[in-house]
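Got your viewer ready? Load the model and get your selection tool out, and we'll walk through it stop by stop.

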Amino acid sequence: MTRASLDKKPREVAAMFDAVAARYDLTNDVLALGQNRRWRAAVARAVAARPGERVLDLAAGTGTSAEPFAAAGAFTVPCDFSLGMLAEGKRRKPWMPFVAGDATRLPFADGVFDAVTISFGLRNVQDTEGALREMLRVTAPGGRLVVCEFSHPTWAPFRTVYSEYLMRALPAVATRVSSSPDAYVYLAESIRAWPDQAELARRLGSAGWRHVAWRTLSGGIVALHRGVKSRDQ
């Protein structure tokens, strides 16, 4: 892992995602061996969007992650800082209200969403706790947060195998299927550098979220964290 490659400025990270937008969903399907569909289903169950609710889906990319919430009848806003991702999403799903936005400076009023969710995007935000506080700001009292992010496998032997896959196999496979394979070297490094389940839970609590809990998926490759905004906040 190289520190320099992780110290990308927000504009550089956005440009990286712009470059992979065209084949992003296909590449994810291949690299995750189809597990990403199970992860999206777990997020949808955790968010539990209901008709008439307002859901903000951050790091929404092309809008694939936002579809289950809209299908449940919630008014769903897919938001991302990559204009390339948003353009690709709008081309595929012109009916969705895509919004460009930085997770640390969201372009929304206080307390307007019943649920906020972010999948596989929080680790790409430079100020993690600042983003979590901003998500709290735009969530209505009593509203909920669901974070789905890569994490640390809980079984040590599997953790070693997984780490080798990230740094060797992932970039190699991305070379064959991605429109910008170099981006996946950065993504692999960012996954390895990301904190474990307990540390991310601590950061949610520090940012002001209450009743923080998590559960692991796929042996800890992914963790699903949840929090609630108390009614007196």
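Select S218 to begin: with a relative accessible area of 26%, S218 is partly exposed. That label sits between two others: buried means under 20% relative accessible area and exposed means over 50%, using a 1.4 Å probe and protein chains only. S218 belongs to the loop between β6 (210-217) and β7 (222-228). Check its backbone too: phi is positive, about 50 degrees, although S218 is not a glycine.

A word on what you're looking at: this is a predicted model, where local features need pLDDT of at least 70 and side-chain atom pairs count only at pLDDT 80 or more, while totals for chains, interfaces and linings use all residues. Residues are numbered from 1 along each chain as its sequence is written, and side-chain values use heavy atoms, with hydrogens and water left out.

Now zoom out to the whole protein. You should find ten helices and seven strands; these are DSSP runs numbered from the N terminus, with helices being H or I of at least four residues and strands E of at least two. Of the 233 residues, 50% count as buried. The protein exposes about 10700 Å², and carbon and sulfur atoms supply 55% of that; the areas come from the Shrake-Rupley method with a 1.4 Å probe, and for residues only the protein chains shown count as cover.

Next, select helix α4, residues 35-47. Does its length come out short, long or as expected? At 1.5 Å a residue, its 13 residues should span 18 Å, and the end C-alpha atoms are 19 Å apart, which agrees. (The expected span is 1.5 Å times one less than the number of residues.)

Colour N36, W39, A42, V43 and V47 in α4: these are buried. They cover an arc of only 130 degrees around the axis, so they sit on the same side of α4; the arc is that of the directions from the helix axis to the C-beta atoms. Spin to the other side of α4 and you'll meet R37, R38 and R45, which are exposed. Just after α4 comes A48, with a positive phi near 50 degrees.

Time for some rings. How many aromatic pairs does the structure hold? There are four. Rings of Phe, Tyr and Trp (its six-membered ring) pair if their centres lie within 6.5 Å; planes under 30 degrees apart count as stacked, over 60 as edge-to-face and the rest as tilted.

Show W39 and F120: their ring centres are 5.7 Å apart and their planes are at 50 degrees, so this pair is tilted. The pair links distant parts of the chain, 81 residues apart, with W39 in helix α4 and F120 in the loop between β4 and α7. Add F150 to the selection, and you have one aromatic cluster of W39, F120 and F150.

Stay on F120 for a moment. It counts as buried, at 18% relative accessibility, and its phi is positive, near 55 degrees, in a residue other than glycine.

Then pick F108 and F113, an edge-to-face pair with 5.1 Å centre to centre and 90 degrees between the planes. Both F108 and F113 are buried.

Last stop: R159, in helix α8 (residues 156-177). At 36% relative accessibility, R159 counts as partly exposed. Leaving aside residues up to four places away in sequence, R159 touches P153 and T154, where contact means heavy atoms within 4.5 Å. Finally, draw a distance from R159 to G219: they are 60 residues apart along the chain, and their C-alpha atoms are separated by 9.2 Å.
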